[in-house]
Each structure stands twice: as structure tokens, then as C-alpha cells.
Amino acid sequence: MAILKIARMGHPVLLAEAEPVADPTAPEIRELIRDMHDTLADAAGAGLAAPQVHVSKRLILFSAPPERSGEGESVPVTVLVNPHFEPLGPEMELGWEGCLSIPGLRAAVPRYAAIRYCGLDPEGRPVEREASGFHARVVQHEIDHLDGILYPMRMTDFSLMGFEPEWQRYLLDRRPSE
Ligand code: NI
């Protein structure tokens, strides 16, 4: 078990375009996936992209835990290699996000409401799924990390950003609206 150090906003690895993974089954990628599982569990986050652990490769882990999924489906921790997504329509939703690379803050971020995503699983098999709600949101957030994009770069209303205690007290009940 290895818990990796998480890069924080300001580190250049978070702004770089990550490289595709040539072989998801390569030993060093298997080890990276294991360590990212450990790191994500330790940090109790919803998702983690390889650049966040200083590895500039196109690999993400994400989950949609029941308490975050609202009316949407919950998803266990899922690994996706070389992922892509396309929106299933123009509709955007504002929703609350945090990021392990921006500790202590929460903000409302616009994302596509429904997407289709694809990539490879850790065995190199193709995966294709449709997602909505928090599931769609976390996949878009993690894929952004592979293109050097952090959630503040997607924000449209900075009044909907705060430190966690203040967010909990003043912002959480202010439902982010379109
Ligand atoms: Ni993040």
C-alpha cells in the first residue's frame, strides 16, 4: 500500500496535457492504479486523476457514492484509461464540487448534464457508458485534469465559492441555479 502525495493548485503538473497510456496492463500502470486507489481512499475523495499524483498520464479513478448521487445512480470506484466524453445534449447544470488539489474549498461549477464516455478498463478492454447527475459531473471533472483544467477555470459565478465550513453554513442550501 502506498499513499501518494497529491499535487496542489499552482503545481505545473496540474496544468499540463497528460500523455496517453500505451498499455494499461503494464506493471508500472498496475502499480500506479493500486497506489491511486489507496490515495483516493485515504483522502476520501470522489475522484483522482494521475496528474494529481504527479504522473502526467491519461488515467482517472472516480466514484459516485450514494450520498453524493442524489437521484442519480451510485457508481463504485472505477478506473478509466485514456478516457473521452461527449455531451448528450447542450444542457448544463450547476453543482457543487471540490478537488483534492484545491483542499478546503467548494464551489458551484457548470457541467454537461448528460454525457457518453469511453475509455479502457485496467485490463485494456473498451468501456462505454452514459452518465448523468453526479456521475457525469465527476467524470467531466477528472477528464479535465488530463487536459490541465482545474474546476475554477470552468466557473461562471465566483460568489458560489467558499471554504468548507462557510460553504456548509451559508452556501450549501443556496441551491446553485442555472
Ligand atoms: Ni480534482
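Which residue of β3 does F62 stand opposite? In this predicted model, the residue facing F62 is T78 in β3. That pairing belongs to a ladder in which strand β2 (residues 59-64) and strand β3 (residues 75-87) run antiparallel, joined by 5 bridges.

Zooming out, the sheet is an open one, built from 5 strands in the order β1-β2-β3-β6-β7 with antiparallel pairing. Its edges are β1 (47-49) and β7 (126-132), each of which pairs on one side only. On average, neighbouring strands of the sheet are turned by 40° against each other, direction ignored. At the β1 side, 3 bridges hold β1 and β2 together in the antiparallel sense, with L48 having L61 as its bridge partner in β2. Two helices pack on this sheet. Helix α1 touches β1, β2 and β3, and its direction makes about 35° with that of β2. Helix α3 touches β1, β2, β3, β6 and β7, and its direction makes about 160° with that of β2. Further along the sheet, β3 pairs with strand β6 (residues 114-120), again antiparallel and over 5 bridges; here F85 finds its bridge partner in Y117 of β6.

Next comes the metal site. The nickel ion picks up three kinds of contact in the model: C99 through SG, H141 through NE2 and H145 through NE2, at 2.1 to 2.3 Å. Read along the chain, the donors have the spacing C-x41-H-x3-H. C99 sits in the loop between β4 (92-97) and β5 (105-112) while H141 is in helix α3 (residues 133-146), so this pair ties together parts 42 residues apart in sequence. Both of these donors are tucked away: C99 is buried at a relative accessible area of 9%, and H141 is buried at 7%.

Then there are the charges. The count of salt bridges comes to 11. One of them joins the side chains of R30 and E123, at 3.6 Å from N to O. R30 lies in helix α1 and E123 in the loop between β6 and β7, so the pair ties together parts that are 93 residues apart in sequence. R30 is partly exposed, with a relative accessible area of 34%, and E123 is partly exposed too, at 41%.

R116 has two acidic partners to talk about. With E86, the closest N and O atoms of the salt bridge are 2.8 Å apart; R116 is in strand β6 and E86 in strand β3, 30 residues away in the chain. With E128, the salt bridge is 3.4 Å from N to O, and since E128 lies in strand β7, this pair links parts 12 residues apart in sequence. R116 counts as partly exposed at 26% relative accessibility, E86 is partly exposed at 40%, and E128 is exposed at 58%. Elsewhere, E97, R111, R137, D144 and R154 are linked in a network of salt bridges.

Not every acidic side chain gets a partner. E142, in helix α3, is buried yet has no salt bridge, the nearest side chain of opposite charge being R111 at 8.0 Å. Leaving aside neighbours within four places in sequence, E142 is in contact with several residues, including L48, L61 and F62. D35, found in helix α1 (residues 27-43), is likewise buried without a salt bridge, and the nearest side chain of opposite charge, R34, is 5.5 Å away. Not counting residues up to four places away in sequence, D35 touches A2 and L4.

Conventions:
Residues numbered from 1 in each chain as written. Predicted model: local features only at pLDDT ≥ 70, side-chain atom pairs only at ≥ 80, totals over all residues. Heavy atoms only, no water. Donors = N, O, S within 2.8 Å, 3.2 Å for Na, K, Ca; no water. Helix = DSSP H or I, 4+ residues; strand = E, 2+ residues; numbered from the N terminus. Buried < 20%, exposed > 50% of the residue type's maximum accessible area, 1.4 Å probe, protein only. Lys, Arg positive; Asp, Glu negative; His and termini not counted. Salt bridge = Lys/Arg side-chain N within 4 Å of Asp/Glu carboxyl O. Contact = heavy atoms within 4.5 Å. Pairing = 2+ DSSP bridges. Axes fitted to C-alpha atoms, helices over the stretch in contact; angles between N-to-C directions.
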